[in-house]
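Visitor: Before we discuss particular residues, I should like to hear how each label in this model is justified.
Guide: Certainly; each label will be set against its definition in turn.

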Amino acid sequence: MSDRRIYLDNAAATRLDERVLEAMKPYFFENYAVATSEFAYSEGIEARETLDKVRADLSSSLGAGHEEFIFTSGSTESSNIALKGVALALGKKKGMHMVVSKIEDFSVLHCARALEKQGFQITYLNVDGDGFTDLDQLRDSITGSTILVSIQHANQEIGTVQDIETIVGICKEKNVLFHTDATHTFTRVPLNVKEIPVDLISVSAHTIHGPKGIGGLYIRENTPIVKWMDGGFQEFDLRAGMENIPGAVGFAKAVKLVTPEETLMLQEMRDRIIDRMLAEIPHTTLNGHRWKRLPQNANITFHFVEGESITLHLDMHGFAVSTGSACFSRSLESSHVMMGIGGDHERAHGSIRFTFGRYNTMKDVDEIVTVLSEIVQELRKISPLGKDTNKKEGQR
């Protein structure tokens, strides 16, 4: 195994930026009071003021007011609060129907399935070959009993960015609330609630070099939502539990450190790896839309070879990537995203996701293309699937 590691799985988690850690440190060692102690002593007052300030910083990045943003433990909790909170608020008053896409992340998809067990009806929208939601099906699916539509801003695996503006327009026309999971687009792809009137947005710090275990939920003013986790009265009585002030500070700092120049750098690395792999490695397919995709995401299927074999060989050469193969999933099922866009098990099993972050370089891209070209060539020689390449020479 190589001593030098190149990490290309930044969609799963990013390395914490040292500047984020420095911003957090005082709230571990100097002022570690909780914000709910504000009426007891000075440290509590400072804690409350700090929490209010970073809340305002984060909400403003979405074009929102500070009372429209609550802190959570991450995007999974945020999406659960959104879906279950609306279900509790409107289920008995308006209806028991929600609409989600088939390729949502599990935080939304499994939440929807849990609500089904409670008697809710869920419509799972189809997507096309690039991962775009079927807008005609969306229009037809919304009925008088529909209380919420939840469609991700961009897909976590294939990177396709949805036409949120059009989707929100449909929901507003039908008088239905709309939630989006913006975990992978937050700060990278513009989303301003003053321009696009989304009702609920899930965000997280772990994908932008912030700390793990901290996220947030934007809730438009007057959105009907009920607290579903019992406990204290924190976060405007919408999310019980002690406030994670160091995490909140780190989250706000991480957002400030993201720049348009950095996002452009990620996009250039994305484009280079896609262009080189499709040109230099035969029998490859890009998953997701070529241009309407996350700036940091490239997902490619290497036909006639298993994704887990590629991943393990890359690991031995010092590269960390992820695969849509069932063997790397605890569910033992192929990627629901790859199957959702019309792929078969072979395409899903051969898919590899490369996601870039602040600490990657163009050199990393060139190195992995060179290594991967050799790995795929060797694996196809010994794979039963690889025998078909002789019949299809020249395909890409």
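Guide: This is a predicted model. Buried means under 20% relative accessible area, exposed means over 50%, and partly exposed lies in between.

Visitor: Why is Arg48 called buried?
Guide: Arg48 has a relative accessible area of 19%, and the limit for buried is under 20%. Arg48 therefore counts as buried.

Visitor: How do you know that Asp52 and Arg48 meet in a salt bridge?
Guide: The rule asks for a side-chain nitrogen of Lys or Arg within 4 Å of a carboxyl oxygen of Asp or Glu. For Asp52 and Arg48 the N to O distance is 3.8 Å, and the pair is accepted as a salt bridge. The two are 4 residues apart in helix α3, so about one helical turn separates them. Asp52 is partly exposed, because its relative accessible area is 32%.

Visitor: What makes the pair of Arg48 and Glu243 a link between distant parts of the chain?
Guide: Their side chains meet in a salt bridge at 3.6 Å, N to O. Arg48 is in helix α3, while Glu243 is in the loop between α8 and α9, 195 residues apart. Glu243, with a relative accessible area of 9%, is buried.

Visitor: How is the salt bridge of Arg290 with Asp275 justified?
Guide: The closest N and O atoms of Arg290 and Asp275 are 2.9 Å apart, and the cut-off is 4 Å. Arg290 lies in the loop between β9 and β10 and Asp275 in helix α10, so the salt bridge ties together parts 15 residues apart in sequence. Arg290 is buried at 16% relative accessibility, whereas Asp275, at 44%, is partly exposed.

Visitor: Which residues are joined into one network by salt bridges that share partners?
Guide: The network consists of Asp17, Arg19, Arg188, Glu262 and Arg358. By the same rule, the count comes to 27 salt bridges.

Visitor: Why is Val226 called partly exposed?
Guide: Its relative accessible area is 35%, and partly exposed covers values between 20% and 50%. Val226 lies in the loop between β8 and α8. Together with Leu88, Trp228 and Met229, Val226 makes a nonpolar surface patch of about 330 Å².

Visitor: Which residues have the most contacts inside the largest nonpolar core?
Guide: They are Phe71, Leu138, Val149, Phe178, Ile201 and Phe251, in a core of 46 residues. Helix α9 gives the most to this core, with 8 residues. Apart from it lies another core, of 28 residues, among them Ile310 and Leu314.

Definitions and conventions: Residues numbered from 1 in each chain as written. Predicted model: local features only at pLDDT ≥ 70, side-chain atom pairs only at ≥ 80, totals over all residues. Heavy atoms only, no water. Core = buried A, V, L, I, M, F, W, Y, C linked by side-chain atoms within 4.5 Å. Buried < 20%, exposed > 50% of the residue type's maximum accessible area, 1.4 Å probe, protein only. Patch = residues over 30% accessible without salt bridge, like charges linked within 9 Å, V, L, I, M, F, W, Y side chains within 5 Å. Areas by Shrake-Rupley, 256 points an atom, 1.4 Å probe, with all protein chains shown as cover.
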